[in-house]
Amino acid sequence: MKRAILTVKETSRDNNAGPKAKLDIEKYLMEDGFTKWNFVINQKSILQKAKVAYLDVPAFFAKNKDVDEIFLQYPTYSKIVTNQLIKRLKKLHSKVFLIVHDVESLRLHYGEKDYIHEELSMFNIADGLIVHNCQMKDWLSQNGVTVPMESLEIFDYDNPAPVVDNDDYIGSICFAGNLNKAGFLRSLSLSKATLNVFGPNPAESYGQNVSYRGQYSPDELPVHLAENFGLVWDGTTPTTCDGLFGNYMKFNNPHKASLYLSSGIPVIIWRQAALADFIEKNKLGLAIDSLNDLDEVLANISTTEYKNFIENTRNIASKLRDGSFIKKAIHNLELKVGGNE
């Protein structure tokens with residue numbers, strides 16, 4: 001059976017982790033025998049997007065028809081390219097699946113009925129979806145998605161850096177991400193624990209025991225992490241995860257969690273986050289309600305409890321580095337739709 005992984009890539013490159021999840025999935029599936037199909041777009045050029053959509057896409061599929069299954073990494077961040085891809089893919093005698101990295105109806109367009117209808121109608125054109133987790137799957141089902149869906153559980157993470165040596169417990173935490181979105185950091189102070197912050201767009205200053213440690217590419221960053229825990233939090237306040245991105249945590253799998261875990265670093269995550277279930281079930285760290293509890297929570301962790309977190313995290317790290325979760329999700333989805341018969 002011939003299978004293809006189709007990824008739309010952007011011409012720009014910077015130190016944010018945006019494309020890494022797609023590139024990692026592409027790598028792992030190629031290891032599993034998939035053919036790689038790529039289109040490159042310039043996000044700033046409407047004309048170039050139109051050329052890709054109306055010239056490059058039709059020409060490509062006119063020459064590439066002999067494939068049984070096509071997995072498109074969604075979204076492509078270009079509506080015209082996405083629409084043309086779906087249109088052309090459905091003309092092939094192939095099964096078309098979407099690997100969903102973001103549901104914009106839950107992220108930037110939450111509560112916008114027209115947008116939600118349009119996006120979910122497009123999902124229903126596919127033969128099946130791989131979505132982040134059961135919470136995302138349930139929301140999509142409740143809002144009209146009827147095609148088979150499989151939960152990824154957590155994003156895999158290609159991480160060639162050695163697993164960190166963080167066995168000595170000192171109550172240290174790291175946070176990595178676009179610091180423009182991390183407004184909560186500007187009003188967070190710690191008295192016992194220490195928090196090291198990595199990423200672009202830092203604030204001019206941070207509170208007590210919160211230190212900025214620089215910006216690195218996704219491939220370089222794991223080498224600079226050595227803390228006891230990695231923090232997964234979003235929004236403007238330490239007391240809860242709020243706003244559009246805070247709400248999105250109730251449905252998505254933040255990629256930074258995979259960065260930490262693949263590095264051998266247990267996770268601290270907002271208790272209402274969808275991924276909190278996975279963290280607690282597998283004993284990979286802690287779920288908390290407020291960052292104002294950090295000092296007390298970290299002070300109460302025993303040596304035995306932390307050792308257990310470390311052992312479980314290093315076990316899951318090997319799976320994340322092998323692409324185990326995307327490969328398992330694809331296998332299960334194929335079983336649901338009869339793709340392996």
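Here are some questions and answers about salt bridges in this structure and how exposed their residues are.

This is a predicted model, where local features need pLDDT of at least 70, side-chain atom pairs count only at pLDDT 80 or more, and totals for chains, interfaces and linings use all residues. Residues are numbered from 1 along each chain as its sequence is written, and side-chain values use heavy atoms, leaving out hydrogens and water.

Q: Why is the pair Asp167 and Arg314 called a salt bridge?
A: A salt bridge needs a side-chain nitrogen of Lys or Arg within 4 Å of a carboxyl oxygen of Asp or Glu. For Asp167 and Arg314 the closest N and O atoms are 2.9 Å apart, so the pair fits the rule. Asp167 lies in the loop between β6 (149-151) and β7 (172-176), and Arg314 in helix α10 (residues 303-322), 147 residues apart.

Q: What makes Asp167 partly exposed?
A: Buried means under 20% relative accessible area, exposed over 50%, and partly exposed in between (1.4 Å probe, protein chains only). Asp167 has 42%, so the label is partly exposed.

Q: How do you know that Glu280 and Arg271 form a salt bridge?
A: Their closest N and O atoms are 3.8 Å apart, which means that the pair meets the cut-off.

Q: Why is Glu280 called partly exposed?
A: Its relative accessibility is 39%, so Glu280 falls in the in-between class. Arg271, at 40%, is also partly exposed.

Q: How many salt bridges does this rule give?
A: The count comes to 17.

How values were computed. Helices (H or I, at least four residues) and strands (E, at least two) are DSSP runs, numbered from the N terminus.
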